[in-house]
Amino acid sequence: MLQKGSKPNAETSFNEVGRDSWNQIMENLFRTLNNKLSQNANIESSFSGSTGLVAYVSNQFISCGGVGDSSAVIYGWDGKETLLSKIHTPQDLVEKARIESKGGEIRQSQDAKGELYGPPRVWKPKTKLPGLMMTRSFGDSFGHSIGMNCIPSNIPLTQSRLHKRKDHR
């Protein structure tokens, strides 16, 4: 295991750090980024925000963390793709349950005639705010007050799970 206080580098193996440690490293990074964004007086982030992806690539493994509805994919030499991230939308039952448990509501938009349209979105009950199509983000502090968050899904892959080049020895 990686010694307390030491930092991973390009030679660090996945087993030296472990899945739980990588999840915590990514979560701490995303929380720090979100806090810096929220504290920046020059950026209005109550009703605006962003998706985000961070990938750590070493000689031994790749760890990709993400929030929102952005995706990361790696293509192997054999042409096969491996998804490195998970999108966070209200259609996901786990995401929906978290939002609802924190006071948010998942529903479609409504036009002037009361007709529903579009995909499910995150709302504060009985309002037309914020109406977001993702459940995790940087910023969007209003949405975070009703269950959204900036905690990334982290998908670590060891090099043995990555596609090798056909002529690789």
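A strand, as the word is used here, is a DSSP run of E with at least two residues, numbered from the N terminus. Strand 1 (residues 49-50) just reaches that length, because two residues are enough. Gly49 is found in this strand. The model that contains it is a predicted one.

The overall layout comes before the details. The protein has 169 residues, and buried residues make up 36% of them. Its secondary structure amounts to four helices and ten strands. Read from the N terminus, the order of elements is α-α-β-β-β-β-β-α-β-β-β-β-α-β. Contacts between residues at least 6 apart in sequence can be sorted by separation, and 52% of them join residues at least 24 apart. The accessible surface of the protein is about 10300 Å², with 51% of this area belonging to carbon and sulfur atoms.

Gly49 gives an example of two parts of the chain brought together. Setting aside neighbours within four places in sequence, Gly49 is in contact with Phe138, Gly139 and Asp140. Gly49 and Arg136 are 87 residues apart along the chain, and their C-alpha atoms are separated by 9.7 Å. Gly49 itself is partly exposed, with a relative accessible area of 42%.

The next feature is a sheet. Strands of a sheet pair through backbone hydrogen bonds, in either the parallel or the antiparallel sense. In this model three strands form an open sheet in the order 6-7-8, with antiparallel pairing. Strand 6 and strand 8 stand at the edges with a single partner strand each, so one side of each has no neighbour in the sheet. From one strand to the next, the twist averages 50°.

Strand 6 (residues 105-110) pairs with strand 7 (residues 116-123) over five bridges. Within this pair, Glu105 stands opposite Trp123, and Ser109 stands opposite Tyr117. The hairpin of strand 6 and strand 7 has five residues between the strands, and Gly114 takes a positive phi near 90° there. On the other side of the pairing order, strand 7 is joined to strand 8 (residues 130-132) by two bridges. Trp123 stands opposite Pro130 in strand 8. Trp123 thus has Glu105 opposite it in one pairing and Pro130 in the other. The hairpin of strand 7 and strand 8 has six residues between the strands, and here Lys126 takes a positive phi near 65°.

Residues of these strands also take part in a nonpolar core. In soluble globular proteins, nonpolar side chains tend to be buried together. The largest nonpolar core of this model has six residues: Ile99, Ile106, Val122, Leu132, Ile146 and Met148. A second, separate core has five residues, including Cys64, Ala72, Leu84 and Leu157. Leu132, a member of the largest core, touches Pro90, Arg121, Val122, Asp140 and Met148 when residues up to four places away in sequence are not counted. Two of these partners, Val122 and Met148, are members of the largest core as well. Asp140 is also among the contacts of Gly49.

Charged pairs complete the picture. Side chains of opposite charge can pair when their charged atoms come close. With a limit of 4 Å between a side-chain nitrogen of Lys or Arg and a carboxyl oxygen of Asp or Glu, the model has six salt bridges.

One of them lies within a helix. Arg98 forms a salt bridge with Glu95, and the closest N and O atoms are 3.1 Å apart. The two residues are three residues apart in helix 3 (residues 93-101), so about one helical turn separates them. Both partners are buried, Arg98 with a relative accessible area of 17% and Glu95 with 1%. Arg136 is linked with Glu95 and Arg98 in a network of salt bridges.

Two other salt bridges have partly exposed partners. Glu105, which stands opposite Trp123 in the sheet, forms a salt bridge with Arg107 at a closest N to O distance of 2.4 Å. Glu105 has 26% relative accessibility, and Arg107 has 25%. Lys86 and Asp92 form another salt bridge, with the closest N and O atoms 2.6 Å apart. Lys86 is partly exposed at a relative accessible area of 31%, and Asp92 is partly exposed at 22%.

How values were computed. Residues are numbered from 1 along each chain as its sequence is written. This is a predicted model: local features need pLDDT of at least 70, side-chain atom pairs count only at pLDDT 80 or more; totals for chains, interfaces and linings use all residues. Side-chain values use heavy atoms; hydrogens and water are left out. Buried means under 20% relative accessible area, exposed over 50%, partly exposed in between (1.4 Å probe, protein chains only). Contact means heavy atoms within 4.5 Å. Two strands pair if DSSP finds at least two bridges between them. Axes are lines fitted to C-alpha atoms, for helices over the stretch in contact, and angles run from 0 to 180 degrees between N-to-C directions. A nonpolar core is a set of buried Ala, Val, Leu, Ile, Met, Phe, Trp, Tyr and Cys residues joined through side-chain atoms within 4.5 Å. Accessible areas come from the Shrake-Rupley method with a 1.4 Å probe; for residues, only the protein chains shown count as cover.
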